[in-house]
Amino acid sequence: MTDPVDREWLSPTRAWRLTECAASVSPVVNTAIALTSDAPNAGTVAHRAVQLWIKSDGYRDGDVRGRLSDAINTVLAETGGRPVVGEWTSTRARLLARASQLAERLHQGSRVISEEELRDPRRALLGTPDIVVIGQDGAIVIDLKTPTARDASIPPWIDFQLTIYAHLVQHEYGVLPRRAEVFRLNKGLMPIGVSQSSVAAALDLVEYARQADRSVATPSLETCRYCRRRIDCESHWDAAPAWTSSDCAEGAIERIERAANGVTAILLRSEVGTHWVSGVPTELVTASIGDHLRLVRLQRSKSTVDLVGFKWSRVSALSVLRDA
Ligand code: SF4
């Protein structure tokens, strides 16, 4: 292991991405990126509400659901009445419906820690698990996930993320969690297997990945989705047209249609054809006909029988390549 002072600190998410693509932690040299404003979203509000509920011991109250509802109202008040974007109505309902289940799990510990950063300087790993429960029988680490999942399987990156969190808990509190769980609002508590050997394997993987040649990029949709280098990573843009469920588009602007309701549709032409991208906030569209645009984290929509179109989402981003 090299000297930690020479090594970049990695969160579990970035560590996982590094194991999938060595180039992902290279310096970011992105062109300017435009994003939707930082309006409160359903996931952030839910996380903050659970944090307040835990910190105020609301989960120990006789009315755990009522106390969680109070915490939600406090968070909404903090946002200054701005509308919450995302699936807020269903997220709120699911969170309240599962309050008792989560409270029951938290009662298994004498100490419950919410959203506190943990660090392992020797390995240059850091992370902030949503919930850590410490009890006489050991520890439990819980990761809250608000997006709707269709099936009960846990993707490998979430498994990896929780395994690194388990290591950080052991490093900080001296006990390896006997249980790591994903708390999905539409599924409930979903366990993943954590053992000393699975933690050691994950840590070895990160060490190995740190030594890899960072000029080598290995794009895939899941790895690239939130990569900070995505907009300017040519390996990504070379690979993306072949992805069947790609969430990005690039090309020269052929048409711009601004609607009165503050959103704009853009027709892009590239070597692979034309694509409409709709619902882009008009204030983000500063480009002109002929400019080359790149957009990522779009939703797919079938605009006609055989033409795939895209729709702006709250996590989308765009960039104008002035020199393309
Ligand atoms: S965008 Fe994808 S291929 Fe490019 S560096 Fe990031 S993870 Fe690697």
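How do the residues of the shell around the ligand divide into nonpolar, polar and charged? The split is seven nonpolar, four polar and three charged. Keep in mind that this is a predicted model.

**Around the ligand**

There are 14 residues around the ligand, and the ones that come nearest are Cys 21, Pro 219, Cys 224, Cys 227 and Cys 233. Two helices feed into this shell: helix 8 (221-224) and helix 9 (234-239) each supply at least two of its residues.

**Strands 5, 6 and 7**

Let's move on to strand 6, which covers residues 138-145. Six of its eight residues are buried, so it counts as mostly covered under the cut-off of 20 or more other C-beta atoms within 10 Å for a buried residue. Strand 6 has a partner in strand 5 (residues 131-135), and the two pair in the antiparallel sense over five bridges. Strands 5 and 6 form a hairpin, with two residues between them. Within that pairing, Val 132 stands opposite Val 141 of strand 6.

Strand 6 also pairs with strand 7 (residues 179-184), this time in the parallel sense and over six bridges. Val 141 turns up here too, with Ala 180 as its bridge partner in strand 7. To get from strand 6 to strand 7, the chain crosses through helix 6 (residues 156-173), and this β-α-β crossover is right-handed.

Arg 179 is another residue of strand 7. How far apart in space are Arg 179 and Ile 140, C-alpha to C-alpha? The answer is 4.9 Å, although 39 residues separate them in sequence. Is Arg 179 buried, partly exposed or exposed? Arg 179 is partly exposed, because it has 19 other C-beta atoms within 10 Å.

**Helices with a buried side**

Now for three helices, starting with helix 2 (residues 42-55). It has 14 residues and reaches 20 Å from its first C-alpha to its last, close to the 20 Å expected at 1.5 Å a residue. Its buried residues are Ala 42, Val 45, Ala 46, Ala 49, Val 50, Trp 53 and Ile 54. Looking down the axis of helix 2, you'd find these buried residues within an arc of 165°, so they line one face of the helix.

Helix 7 (residues 196-210) has 15 residues, and its reach from first C-alpha to last is 21 Å, close to the 21 Å expected at 1.5 Å a residue. Val 199, Ala 202, Val 206, Ala 209 and Arg 210 are buried in helix 7. Seen down the axis of helix 7, those buried residues fall within an arc of 110°, so they too line one face of the helix. What does the face turned away from the buried side carry? On that face of helix 7 are the exposed residues Gln 196, Ser 197, Ala 200, Ala 201, Asp 204 and Tyr 208.

Helix 4 (residues 88-97) has Thr 91, Arg 92 and Leu 95 as buried residues. They cover an arc of only 95° around the axis, which puts them on the same side of helix 4. Thr 89 and Ala 93 are exposed on the other side of helix 4.

**Loop residues worth a look**

Three loop residues are set side by side here.

| Residue | Loop | Other C-beta atoms within 10 Å |
|---|---|---|
| Glu 115 | between strand 2 (111-114) and strand 3 (118-120) | 16, partly exposed |
| Ala 124 | between strand 3 and strand 4 (125-127) | 20, buried |
| Gly 262 | between strand 9 (249-258) and strand 10 (263-270) | 9, exposed |

Glu 115 has a positive phi of about 55° although it is not a glycine. Ala 124 is not a glycine either, and its phi is also positive, at about 55°. Why does Ala 124 count as buried? Ala 124 is buried because 20 other C-beta atoms lie within 10 Å, and the cut-off for a buried residue is 20 or more.

As for Gly 262, it is exposed because it has just 9 other C-beta atoms within 10 Å, where the cut-off for an exposed residue is 12 or fewer. Gly 262 and Leu 221 are 41 residues apart in sequence, and their C-alpha atoms are 30 Å apart in space.

How values were computed: Residues numbered from 1 in each chain as written. Predicted model: local features only at pLDDT ≥ 70, side-chain atom pairs only at ≥ 80, totals over all residues. Helix = DSSP H or I, 4+ residues; strand = E, 2+ residues; numbered from the N terminus. Pairing = 2+ DSSP bridges. Right-handed = clockwise from strand over helix to strand, strands pointing away. Near = placed C-beta within 6 Å. Nonpolar A, V, L, I, M, F, W, Y, C, P; charged D, E, K, R; others polar. Expected span 1.5 Å × (residues − 1). Arc of directions from axis to C-beta.
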